[in-house]
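Visitor: I'm new to reading protein models. Could you walk me through the pockets and the helix packing, and tell me how you know each thing?

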Amino acid sequence: MQKVWEDEKQVIVEQEGIQYLQFKRLLAYKELKHCYTLRSKEKLNFPPIYKDEKQYRQSCQRICKCLKIEENKIVKPHQTHTDRINIVNRVEQLEEVDGILTNTRDLALLTTSADCISLLFYDSVKKAIGSVHSGWRGTLAGICKNAVKKMIEEYKSNPKDIICCICPSIRKCHFEVDEDVKEMFYQKYKDLEEIEQIIQKTELKTGKQKYVIDTAKINRLLLKQMGLKEENIIDSGLCTVCQSDKFHSYRVNKEQSGRNAALICLSV
């Protein structure tokens, strides 16, 4: 294993010819295994199983080998941009679910994205973990708040003990939307502090007016509302569109885009 790049929050490592990102805060817990995958010269791609099961399985095998995780212990929901969070205690099929939580050892939680926000949760006191997919619809619906609520209800978590890592995703610099989407966000979050900075007008070279939205910041503020400490919300700050050479990006590659994986596991 060798470091490819790092900053104060995260490190990108290369192992077995593939690359993945890890958060330094989560690396401090020896009982945790986690990562957010890079394209790795197209060696890692986690498309929906019904689209390309072979590619999905090969990618699972490769990342599991690196992290020393059993491939048959992976739980992967069928994501459909909902705000639904499920508790899982065994490997099972999950339909229309975009976030999963567990306190079961050796169960690996995996969600995928290609510009959408992936969130990795860990309560080091109650020993509970989560992997959550928050696209713009999930962010609009507040799925990150649902995840925290579920951790409080199911595991008696204290929000002050919960760590949330925000993985690479499309950022404000590239998340351009039309008036209809902008208005949905504004009506839902107009009471958030700095809303005028979160949602701003922009003008394309064609002269057409659009809006840009900082969905990562919305998630950070919602998590703070739920009681998470600011220092426990670790944002990678990386844009999957700006760095589409490293990460799969739907905005860049459209229907040909692959998927990145956000994986977390509590080991025995």
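Guide: Sure! One term to start: a residue counts as lining a pocket if it has an atom within 4 Å of a point of that pocket. Keep in mind that this is a predicted model.

Visitor: So which residues of the lining of the largest pocket lie nearest its centre?

Guide: Those are P48, K76, Q79, T112 and R259, and they belong to a lining of 45 residues. The space in that pocket comes to about 1,100 Å³.

Visitor: Which element gives the most to the lining of the largest pocket?

Guide: That's α3, with 3 residues. Plenty of elements join in, though: α2, β5, β8, β10, α3, β12 and α8 each supply at least two.

Visitor: How do the lining residues of the largest pocket divide into nonpolar, polar and charged?

Guide: There are 20 nonpolar, 12 polar and 13 charged ones.

Visitor: And what lines the second largest pocket?

Guide: Its lining includes M1, Q15, Y20, C66 and L67. Two or more residues come from each of β3, β4 and α2, and β4 has the largest share, at 3 residues. This pocket holds about 210 Å³ of space.

Visitor: What makes M1 and C66 nonpolar in that lining?

Guide: Met and Cys are both on the nonpolar list, so M1 and C66 go in that class. By class, the lining of the second largest pocket has 6 nonpolar, 3 polar and 2 charged residues.

Visitor: On to the helices. At what angle do the axes of α4 and α7 cross?

Guide: Roughly 30 degrees, and the two axes come within 9 Å.

Visitor: Why is α4 called roughly parallel to α7?

Guide: Angles under 35 degrees count as roughly parallel. The crossing is at roughly 30 degrees, so α4 is roughly parallel to α7.

Visitor: Is that crossing left-handed or right-handed, and which residues make the contact?

Guide: The crossing of α4 and α7 is right-handed. C144, K145 and V148 of α4 meet N219, L222, L223 and Q225 of α7. By class, that contact has 4 nonpolar, 2 polar and 1 charged residues.

Key: Residues numbered from 1 in each chain as written. Predicted model: local features only at pLDDT ≥ 70, side-chain atom pairs only at ≥ 80, totals over all residues. Heavy atoms only, no water. 1 Å grid on protein atoms, 1.4 Å probe; cavity = no way out; pocket = protein on both sides within 12 Å on 5 of 7 lines; lining within 4 Å. Points joined across faces, edges and corners; volume = space filled by probe spheres on them. Helix = DSSP H or I, 4+ residues; strand = E, 2+ residues; numbered from the N terminus. Axes fitted to C-alpha atoms, helices over the stretch in contact; angles between N-to-C directions. Parallel < 35°, antiparallel > 145°, perpendicular 65-115°, else oblique. Left-handed = near helix turned anticlockwise from the far one by under 90°. Contact = heavy atoms within 4.5 Å.
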